[in-house]
Amino acid sequence: MNKRTKKTIIWTVSIIIAGILGYGTYYVSSIYSGLEGLQKKGEASPFRELEKVDANTPEPPKWEGTEPVNILLMGVDARGFEEGEIPRSDSMLVVSIDPVQEKMHLFSVLRDTYTDIPGYRQNRINTAITHGPNTAMKAVGDLLGIPIQYYVYTDFRGFMKLVDSVDGVDFYVEKDMKYSSKADKNEFDIDLKKGMQHLDGNKALQYARFRYDKMGDFTRTERQRELIKAVGKKMQSTTSIMKMPEILNAVSPYIDTNMDVNDMWKLANVAYQSKMKGSEQVPPMKLLVEANIGGAEVLTVKNPDTLKQYVQDVLNSPVSESETNNSDSESGKQDKETTNNVGSIPDSN
């Protein structure tokens with residue numbers, strides 16, 4: 001090997017290393033910037049009009065990084081609302097992560113659950129967000145008997161952007177789903193066919209929104225949990241991790257959270273190492289009672305203390321490898337036995 005050849009090799013290797021280091025720096029800085037943009041402050045916050053009201057509610061508890069952490073996910077339908085107005089939660093889910101046991105649980109909270117709204121009178125749980133995110137976290141935490149440290153708030157478009165940014169998900173749609181509405185100029189019509197298929201953002205939203213059958217919100221919340229698990233699994237893929245700056249840039253305008261960048265780094269690391277233990281509806285069917293309060297159909301809880309104990313039993317149940325594998329393989333399929341034994345609840349907005 002002559003001197004010129006050696007020099008060429010050295011220069012080539014140096015350029016490659018410099019390129020890798022440069023991309024690494026860009027990647028990390030882009031992710032940091034993207035994460036920072038998720039937390040909206042001041043006039044950028046969707047809750048800017050509620051700051052004085054929410055100030056009366058205690059701040060959520062701090063997460064130190066070793067104890068279980070709970071995150072409230074809230075999706076809203078903001079169609080027809082003016083700038084600064086906060087609609088009721090269309091869906092509410094709680095992600096519970098145990099960093100020590102490296103396991104996660106996903107709970108969907110039935111939006112018609114009638115409960116105490118801290119600082120206000122009793123109402124449906126989905127009204128809590130209209131008083132601010134701290135109020136929503138406190139209301140859900142009090143209902144479930146667990147501290148809620150963080151929230152993530154988004155609307156229809158944010159969810160669609162997220163699914164599209166990970167190039168969609170392969171998912172089993174358990175039945176034909178069809179619904180049409182002229183009220184929103186058919187922009188959010190639902191038309192899905194039964195079977196395994198690839199869902200982009202629009203189709204994933206259709207699946208998550210569908211409740212126009214005899215089971216209404218009960219089966220819808222179950223579908224949402226399964227879909228969230230599928231999207232979460234897709235985000236853990238190598239391809240999605242490499243695309244993280246693009247993903248964050250796509251969803252940032254539609255998301256608000258109380259997490260700072262350090263919180264997000266810690267949570268991302270813990271979540272990546274954790275396995276999904278399971279998902280549940282809360283309150284469970286055995287604790288629900290249909291009621292008519294003030295002319296509105298709502299769901300009341302038979303015994304609030306029993307509900308809190310139920311949540312603890314779910315969170316502290318032992319995890320087995322076979323159980324985890326079975327949970328993964330069943331993504332997108334419904335619990336037919338539960339569905340067949342549940343009565344119909346009239347839909348309400």
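**Reading the sheet, the helices and the cores**

Q: How do I read strand pairing, say, in which sense do β2 and β3 pair, and over how many bridges?

A: The general idea: strands of a sheet pair through backbone hydrogen bonds, either parallel or antiparallel. Here β2 and β3 go antiparallel, over six bridges. Keep in mind that you're looking at a predicted model. To fix the register, take V94, whose bridge partner in β3 is F107.

Q: And how many residues sit between β2 and β3 in their hairpin?

A: Four. Check the backbone in that turn too: E102 has a positive phi of about 55 degrees.

Q: What's on the other side, in which sense do β3 and β12 pair?

A: Parallel this time, over seven bridges. You can find your place with V109, which stands opposite V282 in β12.

Q: Let me zoom out. In what order do the six strands of the open sheet come?

A: Read across: β11-β6-β1-β2-β3-β12, with mixed pairing. β11 (255–257) and β12 (275–282) are the edge strands with a single partner each, so each has one side without a neighbour in the sheet. From one strand to the next, the twist averages 20 degrees. Further in, β1 (residues 69–76) and β2 (residues 89–98) are antiparallel over eight bridges, and M74 has M92 as its bridge partner in β2.

Q: Which strands does helix α4 touch where it packs on the sheet?

A: α4 (residues 156–165) touches β1, β2 and β6 (150–155), and its direction makes about 95 degrees with that of β6. Another helix, α10 (residues 304–316), lies across β2, β3 (103–109) and β12, at about 150 degrees to β3.

Q: Back to β3. How many of its residues are buried?

A: Seven of the seven, so β3 is largely enclosed by the rest of the structure. Split the strand by where its side chains point: K103, H105, F107 and V109 go one way, M104, L106 and S108 the other way, and all are buried.

Q: What does V109 touch, if I skip residues up to four places away in sequence?

A: M92, V94, I125, V140, L143, L144 and V282. V109 is also one of the residues that touch the most other members in the largest nonpolar core, which has 32 residues; L72, Y153 and V311 are among the others. The elements giving two or more residues to this core are β1, β2, β3, α3 (133–144), β6 and α10, and α3 has the largest share, with six. There's a second, separate core of 25 residues, including I31, V251, V261 and L267.

Q: Now helices. Which residues of α5 are buried?

A: First the general bit: an α-helix has 3.6 residues a turn, so residues three or four places apart point the same way. In α5 the buried ones are G201, A204, L205, Q206, Y207, A208 and R209. That's seven of the nine residues, so α5 is largely enclosed by the rest of the structure. Its buried residues pack against α4, β7, β8, β9, β10 and α6. At the start of α5, a side-chain oxygen of D200 comes within 3.3 Å of the backbone nitrogen of N202.

Q: At what angle do the axes of α5 and α6 cross?

A: Roughly 145 degrees, with the axes of α5 (residues 201–209) and α6 (residues 217–235) coming within 8 Å. A204, Y207, A208 and R209 meet R220, R223, Q224 and L227 of α6. By class, that contact has four nonpolar, one polar and three charged residues.

Notes. Residues numbered from 1 in each chain as written. Predicted model: local features only at pLDDT ≥ 70, side-chain atom pairs only at ≥ 80, totals over all residues. Heavy atoms only, no water. Axes fitted to C-alpha atoms, helices over the stretch in contact; angles between N-to-C directions. Contact = heavy atoms within 4.5 Å. Nonpolar A, V, L, I, M, F, W, Y, C, P; charged D, E, K, R; others polar. Pairing = 2+ DSSP bridges. Core = buried A, V, L, I, M, F, W, Y, C linked by side-chain atoms within 4.5 Å. Buried < 20%, exposed > 50% of the residue type's maximum accessible area, 1.4 Å probe, protein only. Polar contact = N/O pair within 3.5 Å; in protein donor to acceptor, adjacent residues only side chain to side chain.
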